[in-house]
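Student: Got a minute to walk me through this one? I'd like to start with the strands and then jump around a bit.

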Amino acid sequence: MFRYAICNETYQDWPFKNALSHAKEAGYSAIEIAPFTLAQTAYDVSPKTRARIREEIADTEIDVVGLHWLLAKTEGFYLTTPDNDVRKKTSDYFCELARLCRDLGGSIMVLGSPQQRNLLPGVSESEAMRLAADCIRRAMPTLEQCEVTLALEPLGPAEGDFLNTAEKGMELMDLIDSPNCKIHLDVKAMSAEEKPIPQIIRETAPHIAHFHANDPNKRGPGMGDVDFAPIFQTLKEVGYNGWVSVEVFDYEPGIESLVKDSIAYMHKCESVLPS
């Protein structure tokens, strides 16, 4: 019923092709790519490198979700700054990320990057919303041309102080007003909201472009206290047919366990859902 993917940084220092093969063998249908695992910036991923990566992906017979951690480990970009030049530079970078996503065969870009969107001194939340919408809106024609969807990722207060709920994500989405701008939901992030996760999914359902499976303990699904059966049941009820992608932040269990135990647990949850 669900299509499972995994984020490539889970494999840490593994060669990219080895990570692809292992993910495929473990039962995942797609890989989700963090740009910093390829180069310092998207600008540094040459056409030749993009073609080689695309060939490795094709050889493995695995799909590409797209990109996430869009601004991680970069410098000079900021989403909610009043500095117009920095916002333009950030918008231009989103355009290059869209071209990279397209060149690698992906169609989704997950925008989390809390360190490049947190409220700056003297900037209110409403002003930050306006500034973020302005920054993203400038890039949307390129995303639309590349047939790439930008998925806004609400994150909990442990990560930052801007866009902390799915409701706020939809507010920003409405300000941007593009068919290629939607919402990304993340189990770890939703666990920090006051609303139950199934309620958040139902309220956001028409706008969900992508979904991350993880636990608030920063490990994979099934490795903490969150029961994914009701979550999967709700995704099924609302007709979600996008990717369910494993994203972890705590690698202590080891790569093999994170990769294989996560998908085994998700298949177990799926198997008990009412038909």
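Tutor: Sure. One term before we start: "buried" here means under 20% relative accessible area. Also keep in mind that this is a predicted model.

Student: Okay, take β4. Which way do its side chains point?

Tutor: β4 covers residues 108-111. I108 and V110 point one way, M109 and L111 point the other way, and all are buried. In general, side chains in a regular strand alternate between the two faces of the sheet.

Student: And what does β4 pair with on the β3 side? How many bridges?

Tutor: Two bridges, in the parallel sense, with β3 being residues 63-67. One residue to click on is G66, whose bridge partner in β4 is I108.

Student: What about β4 and β5, parallel or antiparallel?

Tutor: Parallel, with four bridges joining β4 to β5, residues 149-152. I108 turns up here too, standing opposite T149 in β5.

Student: How does the chain get from β4 to β5? Which helix is in that unit?

Tutor: That's α4, residues 125-146; β4, α4 and β5 make a right-handed β-α-β unit.

Student: Keep going past β5. What's next to it?

Tutor: β6, residues 181-186, runs parallel to β5 and is joined to it by three bridges. There, L150 stands opposite C181. α4 packs on the sheet as well, touching β4, β5 and β6, and its direction makes about 145° with that of β5.

Student: So what's the whole strand order?

Tutor: Eight strands close into a barrel, in the order β1-β2-β3-β4-β5-β6-β7-β8, with parallel pairing. On average, neighbouring strands of this sheet are turned by 30° against each other, ignoring direction.

Student: What does UniProt list for residues 22-268?

Tutor: An unreviewed UniProt entry lists those residues as "domain: Xylose isomerase-like TIM barrel". In the model, residues 22-268 are 44% helix and 13% strand, and the end C-alpha atoms are 20 Å apart.

Student: Switching topics: aromatics. How many pairs are there?

Tutor: A search of the whole structure finds eleven aromatic pairs. One of them is F2 with F232, a tilted pair at 4.9 Å centre to centre with 55° between the planes.

Student: Why does that pair tie together parts far along the sequence?

Tutor: Because F2 lies in the segment before β1 while F232 lies in α8, residues 228-237, the pair ties together parts that are 230 residues apart in sequence. F2 and F232 are both buried.

Student: Got another one? What about F211 and Y240?

Tutor: Their ring centres are 6.3 Å apart and the planes sit at 50°, so that pair is tilted. F211 is in β7, residues 208-213, and Y240 is in the loop between α8 and β8 (243-246), so the pair ties together parts 29 residues apart in sequence. Both F211 and Y240 are buried.

Student: Which residues link up into a ring cluster?

Tutor: F2, Y4, F228, F232 and Y265 are linked into a cluster by ring pairs.

Student: Last thing, α1. Which residues are buried there?

Tutor: α1 is residues 16-26, and F16, A19, L20, H22, A23 and A26 are buried.

Student: What covers them?

Tutor: The cover includes β1 (3-7), β2 (30-33), α2 (47-60) and α9 (255-271).

Student: And right after α1, which residue has a positive phi?

Tutor: G27, just after α1, with a phi of about 115°.

How values were computed. Residues numbered from 1 in each chain as written. Predicted model: local features only at pLDDT ≥ 70, side-chain atom pairs only at ≥ 80, totals over all residues. Heavy atoms only, no water. Buried < 20%, exposed > 50% of the residue type's maximum accessible area, 1.4 Å probe, protein only. Contact = heavy atoms within 4.5 Å. UniProt positions renumbered as here; feature names shortened; annotations may be inferred. Pairing = 2+ DSSP bridges. Right-handed = clockwise from strand over helix to strand, strands pointing away. Axes fitted to C-alpha atoms, helices over the stretch in contact; angles between N-to-C directions. Phe/Tyr/Trp six-rings, centres within 6.5 Å; stacked < 30°, edge-to-face > 60°.
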